[in-house]
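Here's a quick briefing to read alongside the coordinates. Have the viewer open and follow along.

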Amino acid sequence: MADYDHIPTLKENIDRATVDSVLSLDVDKYKYGFESAIESDMAPKGLSEDTVRFISAKKQEPEWMLEWRLDAYRRFLTLTEPNWAKVHYPQIDLQDMYYYAAPKSTPAPTSLDEVDPALLEMYEKLGIPLREREILAGVERPNVAVDAVMDSVSVVTTFREELSKVGIIFCSMSEAIREYPELVRKYLATVVPVTDNYYATLNSAVFTDGSFVYIPKGVRCPMELSTYFRINEKKTGQFERTLIIAEADSYVSYLEGCTAPSRAESQLHAAVVELVAMDNAEIKYSTVQNWYPGDKDGNGGIYNFVTKRGDCRGANSKISWTQVETGAAITWKYPSCILRGDGSRGEFYSIAISNGYQQVDSGTKMIHLGKNTSSRIISKGIAAGFSDNTYRGQVSAHARAKNARNFTQCDSLLIGDKCGAHTVPYIESRNGSAVFEHEATTSKISDDQMFYCQQRGLNEEEAVALIVNGFVRDVLQHLPMEFMVETQKLIAISLEGSVG
Amino acid sequence: MAQVLPVRLGAAEDTLIAQLNSVGATAAAERITVAGLPTRRVESYHYTDLKMLLKTVPPLAEPANQASAPALRVAGAYQLMIANGVIQSSTTAPAGVMVGDAQGSALSTRDDVLVHLNGALAKQSLTLTLEGSVDPVIQVDRRIEGAAAHVADSLKIFVADNASAVILETFSGSDAAHVGNHATYLAVGKNAMVTHITVDLSGKATSHFATNEYDLDEGAKLRTLTIHAGAALSRSQVFARFAGQGAHGDFTGLNLVEDGQHNDITIDIRHAVAHTTSQEMYKQIARGRSKAVFQGKIVVERDAQKVDAKMMMQGLMLSDEAEILSKPELEIYADDVVCGHGSTCGELDEESMFYLMSRGLPQAEAETMLVRGFIEEVLDPIEDEALHEALVGIVDGWLLGA
């Protein structure tokens, strides 16, 4: 909390929130960079068949799951790392990291009171509400059910009982494998195949935890579901696996947030997220990605290599991805939609901000397979400092995708002359009735806009933040309310120091 | 971690390696032995998987004994010919044109398999030095004659400061399964104005590869037009570099693709200095079971401020089996620039068709009329009337050949 004592005169008419945000800017750019002293249970260092067996045993998984993992591991050995993305990083030594780290003393706490207080404190610091009572008492905050994943395990999942009353399953992936094996077997890896790509295959072999969501037929999820990912241990990789299934006529909105401590060495986060939407179902998936981006000289930071894909399996289903990418040293992420069902719809709204030495290569894929499918892509990339920001997106219509329709708009904004903004769209039309439109622009903040804002008393940085917020407004309005405010602040923080 | 698996080489690669070794180009042979021909995993060949598409390579060409009729005649043009890689003697050059030859290929050492092959296999380059204002259209007629042959030829053009010229290259030959690998280097001097047109009219069994490199000096103005209307498999590469301030380039192209064809136009436009501008306009029309590919890249290098570049790709699908694939890229490292690209793809507008047909035009004619209108934007800027007419003739021939 802000310390108001040392401010000599706090004027009456100044909003406290304004002072708060200004102070937080002053103190530290990345406010989630702390490390929590929580004792962990670790797997032996390095990647091997034994590591895979260790993880599977730790999770008390059934035999089929272990076999599935080992199969993925063997296939992984035959793959090579992709090099098409516009990112550069030293070779990642997969043998020099831990694949499993779990906070000790958490053998299935039955209530929050049994959870390690240090853990709760950490989440409090991160601003994540885990105490249901408190959340319920909150007036201005709507209810959000949270699955909190730290390093390799889910530490707590809130509101499970209330959700189960309407038949919704919301739990950690490990529990789902034990308790709902039929559902997991039916859907796991049906959207992202085991050998989809290098990092997805690695994830399949060693994934540790993530969220599992099942929305039964005709149910509209009564609250926002969310997962909060935190990397805490040194030298650990985080391999989350999330699976969301929305049965016919259902609706769910899911939020995801992530942070990590500030460290000089880089850490790997390789996630796989799969969404399945049946007839008339709708899934809205929002991410605010705020991994540690590295220091101002480009040391440390998270390598974020993520495979996210949604399958619009049913007719008239809809999947909407919204992402705000401000963190991570390297981001390599393409939330995609497979528009299989006739009349299905995919959306992708993205704000990617890079500063310092961050590298972002992100975008989407819209694969039109069914008739009358439509998709919409709005991407806003902002590059500052020494960063490189690439939009890479694919839109393709297959021969049977009659009347497929896509609109893509990707705009890039450059702040400063040491950064780069790139656009790499792949537009593939394989039938005559498909109509694709794509437009991209790159520009800088005009002197006129700056002059106008500064003349009205804003300083340079405030002016940039204001203009940038306007630039990304199209995307911001697709975020759930509580994320929107947070994001506006984040944008200001990410761009701090980029001017002048 | 994962071990690198050795590349499995196919028949085409084996032949290429043998051919490269036979001319002593061991380094180029080694490169193909290690990497093979590019697959779709190589980003710049993403839509043209040469390993899959180029099944066999015919033997290296012998000098041609007989020549077929020129594929395109432009009234009043000054004609030069390269047949099977050998420069043919020509009539007296018009004022301002100096013709010569040079050893080896005209291309730089770019890391690209087609450039490597041309560099190793082209024995000589036809050189043209243009001074002052050259009046007649200069036509370089590049042929592959006789039995199926693998040909590498090369052309090097210097356009002096303040000069102006219109250069046309045509590619044609006999109906055998040739592999043609053609190189053109064109340097545009200070304040010079050049129009450079390449037209691929090669036979239905030919694999046509062409690489054009351009260097633009201060105040230079260049217009290029790449037309694909032949070959079974073709790929035209355009690499342009803006090296002087105030230079401007218009890069245009027309990719006409019909049943069984796979045509690729790949461009890389590099703004290396400030205050340079370019406009790219490429149109693709596909019918039958065919593939039209456009890969465009605009690069604005660090400190190349005040660049203005706009790229546009428009695709027209005339059948349901056709594919139009496009990848318009921007790679920008300077902040004070205005860059944009657009890409559209669709079929003929139903309302326009209805309008024309309701006025009594048969469907085929209405279609042709709309397609002509679609194309004209690219052909219109060609000022030389005889040349414009010849190009319209090629397009009409393609349209009516359905």
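Which residue in strand 18 of chain B is the bridge partner of Ile427(A)? That would be Ser326(B). Keep in mind that this is a predicted model. The notes below start at the contact between the two chains, then work through each chain and a few elements that are worth a look.

**Where the chains meet**
- On the contact count, 33 residues of chain B meet 35 residues of chain A.
- Three strands of chain B each put at least two residues into its side of that contact: strand 17 (308–317), strand 18 (323–332) and strand 19 (338–346).
- Strand 18 of chain B gives the most, with 10 residues.
- By residue type, the chain B side splits into 15 nonpolar, nine polar and nine charged.
- Strand 18 of chain B is also bridged across the chains: six bridges link it to strand 23 (residues 420–429) of chain A, and the two run antiparallel. The Ile427(A) and Ser326(B) pair belongs here, with Ser326(B) sitting in strand 18 of chain B.

**Chain B overall**
- Chain B has seven helices and 19 strands.
- Its C-alpha atoms fit a box of roughly 65 × 55 × 45 Å along the principal axes.
- The radius of gyration is 21 Å, which agrees with the value near 21 Å for a compact globule of 402 residues.
- Of those 402 residues, 54% count as buried.
- If you take the chain B contacts with a separation of 6 or more, 80% of them join residues 24 or more positions apart.

**Strand 5 of chain B**
- Strand 5 (residues 138–144) of chain B has seven of its seven residues buried, so it is largely enclosed by the rest of the structure.
- Ile138(B), Val140(B), Arg142(B) and Ile144(B) point one way, while Gln139(B), Asp141(B) and Arg143(B) point the other way; all are buried, charged side chains or not.
- Strand 1 (residues 78–83) of chain B pairs with strand 5 of chain B in the parallel sense, over six bridges. Within that pairing, Ala83(B) stands opposite Arg143(B).
- Strand 7 (residues 164–173) of chain B also runs parallel to strand 5 of chain B, joined by seven bridges. Here Ile138(B) has Ile167(B) as its bridge partner.

**The loop residue Glu131(B)**
- Glu131(B) lies in the loop between strand 4 (124–130) and strand 5 of chain B.
- With 18 other C-beta atoms within 10 Å, Glu131(B) is partly exposed.
- Leaving out residues up to four places away in sequence, Glu131(B) touches Gly96(B), Ala160(B) and Ala163(B).
- From Glu131(B) to Phe239(B) is 108 residues in sequence and 24 Å in space, C-alpha to C-alpha.

**Helix 2 of chain B**
- Ala28(B), Ala29(B) and Ile32(B) are the buried residues of helix 2 (residues 26–35) of chain B.
- Looking down the axis of helix 2 of chain B, these buried residues fall within an arc of 100 degrees, so they line one face of the helix.
- Ala27(B) and Val34(B), on the other side of helix 2 of chain B, are exposed.
- The cover over the buried residues of helix 2 of chain B includes helix 1 (11–22) and helix 4 (113–121) of chain B.
- Right after helix 2 of chain B comes Gly36(B), with a positive phi near 70 degrees.

**Chain A and its helix 9**
- Chain A contains 13 helices and 24 strands, and 52% of its 500 residues are buried.
- Among chain A contacts with a separation of 6 or more, 82% are between residues 24 or more positions apart.
- Eight of the nine residues of helix 9 (residues 198–206) of chain A are buried, so this helix is largely enclosed by the rest of the structure.
- The buried residues of helix 9 of chain A pack against helix 2 (49–58), helix 3 (63–76), strand 8 (241–246), strand 11 (272–277) and strand 13 (301–312) of chain A.

**The nonpolar core**
- The largest nonpolar core has 253 residues, and those with the most contacts inside it are Val213(A), Ala246(A), Ile283(A), Val188(B) and Val300(B).
- Ala246(A) touches, among others, Ile215(A), Val252(A), Met278(A) and Ile283(A), not counting residues up to four places away in sequence.

How values were computed
Residues are numbered from 1 along each chain as its sequence is written. Chains are lettered from A and ligands numbered from 1 in the order in which they are written. A nonpolar core is a set of buried Ala, Val, Leu, Ile, Met, Phe, Trp, Tyr and Cys residues joined through C-beta atoms within 7 Å. A residue is buried if 20 or more other C-beta atoms lie within 10 Å of its own, exposed if 12 or fewer, and partly exposed in between; C-beta atoms are placed from the backbone. Two residues are in contact if their C-beta atoms, placed from the backbone, lie within 7 Å. Helices (H or I, at least four residues) and strands (E, at least two) are DSSP runs, numbered from the N terminus. Ala, Val, Leu, Ile, Met, Phe, Trp, Tyr, Cys and Pro count as nonpolar, Asp, Glu, Lys and Arg as charged, and the others, Gly among them, as polar. Two strands pair if DSSP finds at least two bridges between them. The arc is that of the directions from the helix axis to the C-beta atoms. The radius of gyration is taken over C-alpha atoms; the globule rule is 2.2 Å times the number of residues to the power 0.38.
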